[in-house]
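Hi,

Here is the structure I promised to pass on. Could you open it next to the sequence and read my notes alongside?

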Amino acid sequence: MHCFFHSEDCQAAGSGEDNSSMIICSGRPAAAFTSFVFLDRDGILNVDRSDHVKHWSEFQFYPDALEALRRLRRRKIEVILVSNQSALNRGLTQWNDFLDIHRNMLQRIRAEGGDLLAAFYCPHRPDEACDCRKPRPGMLRAAADLYGVPLHATTMMGDKVTVGH
Ligand SMILES: [Mg+2]
Ligand SMILES: [Zn+2]
């Protein structure tokens, strides 16, 4: 499993033409805190859509999500986003729109006093049978490797028990 590794604001991103790999957007090179929580994006931070969140104009934060992220930061808990985004490999959203959503989301989170340590995205469709699409553990394992996340002691908050987008 090869990983893109993006810079602070994803500007060092690859072309996006090769969506064969898990996508990692790192907010910071190392964790500042020793406690972590994994959060899903769609359905947890923002309202999910049955037709996928394809553009920033379709991204709508839940009213209490930004406050929750601010509180986590105040309590010195690192937040790692872990999100299935098959809209990429379904061809429903374009690479630039995907990155635009990430950048705008992070900017808004930070403006409200929260932060993300990193965001991990799986671009694959279910039929690609990758290792990273939740509920498979590829993204959690990558986060554990990069940041020393103790998986046994870390909570994952998602809105679906099995498979999301
Ligand atoms: Mg979800
Ligand atoms: Zn994947």
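A definition before anything else: two strands count as a pair if DSSP finds at least two bridges between them. By that rule β3 pairs with β6 (residues 155-157), since three bridges join them, and the two strands run parallel. If you want a spot to look at, V37 stands opposite T155 in β6.

Please keep in mind that this is a predicted model. The mean pLDDT of the protein chain is 86, with 85% of its residues at 70 or more. The part to be wary of is residues 1-16, where pLDDT stays under 50, although the model has 31 contacts there beyond four places in sequence. Where pLDDT is low, the predicted coordinates should not be read in detail. Element by element, strand β1 (residues 3-6) has the lowest mean pLDDT, 46, while helix α1 (residues 65-74) has the highest, 97.

Now the overall layout. The protein chain has three helices and six strands, and from the N terminus they come in the order β-β-β-α-β-α-β-α-β. Of the contacts with a separation of 6 or more, 70% are between residues 24 or more positions apart. Buried residues make up 35% of the 165 residues.

Back to the strands. β3 also pairs with β4: five bridges join the two, and they run parallel. To get from β3 to β4 the chain goes through α1, and this β-α-β crossover is right-handed. One bridge to find on screen is the one from S35 to I77 in β4. β2 and β5, on the other hand, run antiparallel and are joined by four bridges. There I24 stands opposite F120 in β5. β2 is mostly covered, with four of its five residues buried.

What sits in the middle? The largest nonpolar core has 35 residues, and those that touch the most other members are I80, L81, L116, A118, F120, M139 and A143. At least two residues of this core come from each of β2 (22-26), β3 (35-39), α1, β4 (77-84), α2 (95-111), β5 (118-122) and α3 (138-147). F120 is a good residue to click on: apart from its neighbours within four places in sequence, it is in contact with M22, I24, I80, L81, V82, M139, A142 and A143.

Two of the helices are worth a look down the axis. In α1 the buried residues are A65, L69 and R73. They line one face of the helix, because they fall within an arc of 80° seen down its axis. As general background, an α-helix has 3.6 residues a turn, so residues three or four places apart point the same way. The buried residues of α1 pack against β4 and α2.

A68 is also in α1, but is it buried or exposed? It has 16 C-beta neighbours inside 10 Å, and being buried takes 20 or more, so A68 counts as partly exposed. A68 also makes a nice example of distant positions meeting: it is 46 residues from G114 in sequence, and the C-alpha atoms of the two are 8.2 Å apart in space.

In α3, M139, L140, A142 and A143 are buried. Their arc, seen down the axis of α3, is 160°, so they too line one face of the helix.

Last, a few backbone oddities. Most residues other than glycine have a negative phi, and most peptide bonds are trans. Which ones break the pattern here?

- H52, in the loop between β3 and α1, is not a glycine but has a positive phi of about 75°. With 17 other C-beta atoms within 10 Å, it is partly exposed.
- K76, which follows α1, has a positive phi near 60°.
- A129 lies in the loop between β5 and α3, and its phi is positive, near 50°. A129 is exposed, with 9 other C-beta atoms within 10 Å.
- P135 is in the loop between β5 and α3, and the peptide bond from K134 to P135 is cis, with omega near 15°.

There is a glycine to add: G148, just after α3, takes a positive phi of about 65°.

Cheers

Methods
Residues numbered from 1 in each chain as written. Chains lettered and ligands numbered in written order. Predicted model: local features only at pLDDT ≥ 70, side-chain atom pairs only at ≥ 80, totals over all residues. pLDDT = per-residue confidence, 0-100. Contact = placed C-beta atoms within 7 Å. Core = buried A, V, L, I, M, F, W, Y, C linked by C-beta atoms within 7 Å. Buried ≥ 20, exposed ≤ 12 C-beta atoms within 10 Å, placed from the backbone. Arc of directions from axis to C-beta. Right-handed = clockwise from strand over helix to strand, strands pointing away.
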